[in-house]
Amino acid sequence: MGCLFCNIVEKKIPAAIVHEDEHTLAFRDINPVAPTHVLVIPKKHVAAMHDTSPADAELLGRLFTAANGVARELGLVDKGYRLVVNDGADGGQSVFHVHVHVLGGRSLAWPPG
Ligand code: 5GP
Ligand code: ZN
């Protein structure tokens, strides 16, 4: 079993990877809700945002910097895009390895459902 996204990091489960560096991995969501829907994750396993502390500041900085880089590489920056982190049950989190959703390619409604 183990963590789904750790298995993707270890290439035990295939994914459509759009960016990889020493600390982060970005791949297309298997069930996209926008024309561009990419998940950006730290390679290190951290279950959720609520498990982070100031000691994770560098990891979180790398994560959001990578997410912005993906948005730029995929041509989302001119029109705009959205970064989303779902946390816990009410936040809609379903995979407990922290991840940033990069959403773009259409106008996104606010507030979210
Ligand atoms: P969450 O609901 O935790 O914020 O987001 C988890 C996301 O992971 C969902 O959007 C879901 O579609 C995506 N997902 C679940 N399983 C897989 C998978 O095996 N591969 C990929 N690429 N995405 C997945
Ligand atoms: Zn994991």
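# The zinc site, the ligand shell and the chain around them

His-97 is buried, its relative accessible area being 0%. In this predicted model, the residue serves as a convenient entry point, since His-97 contributes its ND1 atom to the zinc ion (ligand 2). The other protein donors of that ion are Cys-3 and Cys-6, each through SG, and His-45 through ND1; the donors lie 2.1 to 2.3 Å from the metal. The angles among the 4 donor atoms run from 105 to 118 degrees, and the site is tetrahedral. Because four donors count as tetrahedral if all angles lie between 85 and 135 degrees, the range of 105 to 118 degrees satisfies that criterion.

Along the chain, the donors of the zinc ion (ligand 2) follow the spacing C-x2-C-x38-H-x51-H. Distant parts of the chain are thereby linked: Cys-3 belongs to the segment before helix 1, whereas His-97 belongs to the loop between helix 3 (88-91) and strand 5, and 94 residues separate the pair.

Attention now turns to ligand 1. Of the 15 residues around this molecule, those that come nearest are Arg-28, Asp-29, Asn-86, Ser-94 and His-101. By class, the shell comprises 7 polar, 6 nonpolar and 2 charged residues. Helix 1 and strand 2 (24-28) each provide at least two residues of this shell.

Several polar atom pairs can be located between ligand 1 and the protein. An oxygen atom of the ligand is 2.7 Å from a polar backbone atom of Ser-94. For Asn-86, an N or O atom of the side chain is 2.8 Å from an oxygen atom of ligand 1. A nitrogen atom of ligand 1, in turn, is 3.3 Å from a polar backbone atom of Ile-30. On its own, ligand 1 has 520 Å² of accessible area, of which the protein covers 82%.

Three leucines offer further reference points. Leu-63 is part of helix 2 and is buried, with a relative accessible area of 0%. Its C-alpha atom is separated by 8.9 Å from that of Leu-25, although the two residues are 38 residues apart along the chain. Leu-76 is placed in the loop between helix 2 (57-73) and strand 4 (81-84). Leu-76 is classed as buried because its relative accessible area is 6%, and buried means under 20%. The C-alpha atoms of Leu-76 and Gly-104 are 6.1 Å apart, with these positions 28 residues apart in the chain numbering.

Leu-108 lies in the segment after strand 5 and counts as partly exposed at 21% relative accessibility. The C-alpha atoms of Leu-108 and Asp-29 are 17 Å apart, and the two residues are 79 residues apart in sequence. Asp-29 is also one of the residues that come nearest to ligand 1.

Two features of the backbone complete the account. Most residues other than glycine have a negative phi, and most peptide bonds are trans. Against the former tendency, Lys-11 has a positive phi, near 65 degrees. Lys-11 is found in the loop between helix 1 (4-9) and strand 1 (17-20) and is partly exposed, with a relative accessible area of 48%. As for the peptide bonds, the one from Trp-110 to Pro-111 is cis, with omega near 0 degrees. Pro-111 is found in the segment after strand 5 (100-104), the segment in which Leu-108 also lies.

Technical notes:
Residues are numbered from 1 along each chain as its sequence is written. Chains are lettered from A and ligands numbered from 1 in the order in which they are written. This is a predicted model: local features need pLDDT of at least 70, side-chain atom pairs count only at pLDDT 80 or more; totals for chains, interfaces and linings use all residues. Side-chain values use heavy atoms; hydrogens and water are left out. Helices (H or I, at least four residues) and strands (E, at least two) are DSSP runs, numbered from the N terminus. Buried means under 20% relative accessible area, exposed over 50%, partly exposed in between (1.4 Å probe, protein chains only). A residue is near a molecule or strand if one of its heavy atoms lies within 4 Å of it. A polar contact is a pair of N or O atoms within 3.5 Å; within protein, one must be able to donate a hydrogen and the other to accept it, and residues adjacent in sequence count only if both atoms are side-chain atoms. Accessible areas come from the Shrake-Rupley method with a 1.4 Å probe; for residues, only the protein chains shown count as cover. Ala, Val, Leu, Ile, Met, Phe, Trp, Tyr, Cys and Pro count as nonpolar, Asp, Glu, Lys and Arg as charged, and the others, Gly among them, as polar. Donors are N, O and S atoms within 2.8 Å of the metal (3.2 Å for Na, K and Ca); water is not among the atoms, so sites may look incomplete. Four donors count as tetrahedral if all angles lie between 85 and 135 degrees; four count as square planar and six as octahedral if opposite donors are over 155 degrees apart and all others between 65 and 115; anything else is irregular.
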